[in-house]
Amino acid sequence: MNTLLENRELVTVRGASVSEQDNRSYLITSKETGAQVLIDAADNIEQLRALIASAAEDSVQPTRVVMIATTHQHWDHVRALKDLAAETGATTTAGTEDVEAVEKESGLRPEHSLEHDDVGQFPGFDLRAIHLRGHTPGSIAFVYEDPTGSPIILSGDSLFPGGVGNTWKDPERFASLISDVSARLFDRYPDDAVVYPGHGDPTTLGAERPHLDEWRERGW
């Protein structure tokens, strides 16, 4: 099912569950220009085509996918990347430390690599890359810093309702991830920031903020 998640002044955000693991793919569309960024071509190209088609009326201009952005290297987030990039002609990007692994898992090497705080400027909107180290070395959250409303965070597998992403009981990786999530998301963005993760249901920073110390204590 394709769902309209956000209908903001300048953009829409639509989402779809595209796999048996409830992988979520997200599509941001500029209402003014029709430019689109797809976050995580995770699986099921037919479902992704339907997601893109569902946004055709979201803009006064013809819509087009200009970039496919990958949150991290894991295979379940890149299974449709190569085919969808070929089909749409969109450019591709991922975190610098994950580029080689994305190529290995998907068969396509992202054309652009992202560092922390890089800002992608697309016709009609910007997206900020937030590097969250721990789930993978190059995991990226993409943030739409809405000039007219609350931020929208596409967090990949780094932040979920109830905790940070899987770090496989590795204390160093957990410490890295909880530190980055705390400093780069919770300390930077307000409670009304909406979080759309790579699997499952959304949340807000405000809903999760009271539990940060609990997460640190339990170690996952």
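In what order do the seven strands of the open sheet lie? The order is E1-E2-E3-E4-E5-E6-E7, and the pairing is mixed. The structure described here is a predicted model.

**The sheet**

Strand E1 (2–7) and strand E7 (112–114) stand at the edges of this open sheet, each with a single partner strand, so one side of each has no neighbour in the sheet. On average, and with direction ignored, neighbouring strands of the sheet are turned by 25° against each other.

Two of the pairings can be followed in detail. Strand E4 (residues 35–39) pairs with strand E5 (residues 64–69) in the parallel sense, over five bridges. Within this pairing, Gln36 has Val65 in E5 as its bridge partner. E5 is also joined to E6, by three bridges, and these two strands run parallel. Here Ile68 has Thr92 in E6 as its bridge partner.

A helix lies across part of the sheet. Helix H1 (residues 45–54) crosses E1, strand E2 (11–17), strand E3 (24–30), E4 and E5, and runs at about 155° to E2.

**The chain as a whole**

The protein chain has six helices and 15 strands. For 220 residues, a compact globule would have a radius of gyration near 17 Å; the chain has 16 Å, which agrees. Along the principal axes, the C-alpha atoms fill a box of roughly 50 × 40 × 30 Å. Buried residues make up 55% of the 220 residues. The accessible surface comes to about 9400 Å², and carbon and sulfur atoms account for 48% of this surface. Among contacts between residues at least 6 apart in sequence, 59% join residues at least 24 apart.

**Two residues: Thr92 and Asp22**

Is Thr92 buried or exposed? Thr92 counts as buried because its relative accessibility is 1%, and the cut-off for buried is under 20%. Thr92 is found in strand E6 (residues 91–95). Four of the five residues of E6 are buried, so this strand is largely enclosed by the rest of the structure. Apart from neighbours within four places in sequence, Thr92 is in contact with Ile68, Leu81, Ala85, Leu108, Arg109, Pro110, Glu111 and His112. Ile68 is thus both a contact of Thr92 and its bridge partner. Glu111, also in contact with Thr92, has its backbone nitrogen 3.1 Å from a polar atom of the Thr92 side chain.

Asp22 lies in the loop between E2 and E3. With a relative accessible area of 26%, Asp22 is partly exposed. Leaving aside neighbours within four places in sequence, Asp22 is in contact with Ser17, Gly198, His199 and Gly200. The side chain of Asp22 makes a polar contact with the side chain of Ser17, and the Asp22 side chain also reaches the backbone nitrogen of Gly200. The C-alpha atoms of Asp22 and Glu172 are separated by 28 Å, and these two residues are 150 apart along the chain.

The table lists the distances for the side chains of Thr92 and Asp22.

| Side chain | Partner | Distance |
|---|---|---|
| Thr92 | Glu111, backbone nitrogen | 3.1 Å |
| Asp22 | Ser17, side chain | 2.6 Å |
| Asp22 | Gly200, backbone nitrogen | 3.3 Å |

How values were computed: Residues numbered from 1 in each chain as written. Predicted model: local features only at pLDDT ≥ 70, side-chain atom pairs only at ≥ 80, totals over all residues. Heavy atoms only, no water. Pairing = 2+ DSSP bridges. Axes fitted to C-alpha atoms, helices over the stretch in contact; angles between N-to-C directions. Contact = heavy atoms within 4.5 Å. Rg over C-alpha atoms; globule rule 2.2 N^0.38 Å. Buried < 20%, exposed > 50% of the residue type's maximum accessible area, 1.4 Å probe, protein only. Areas by Shrake-Rupley, 256 points an atom, 1.4 Å probe, with all protein chains shown as cover. Polar contact = N/O pair within 3.5 Å; in protein donor to acceptor, adjacent residues only side chain to side chain.
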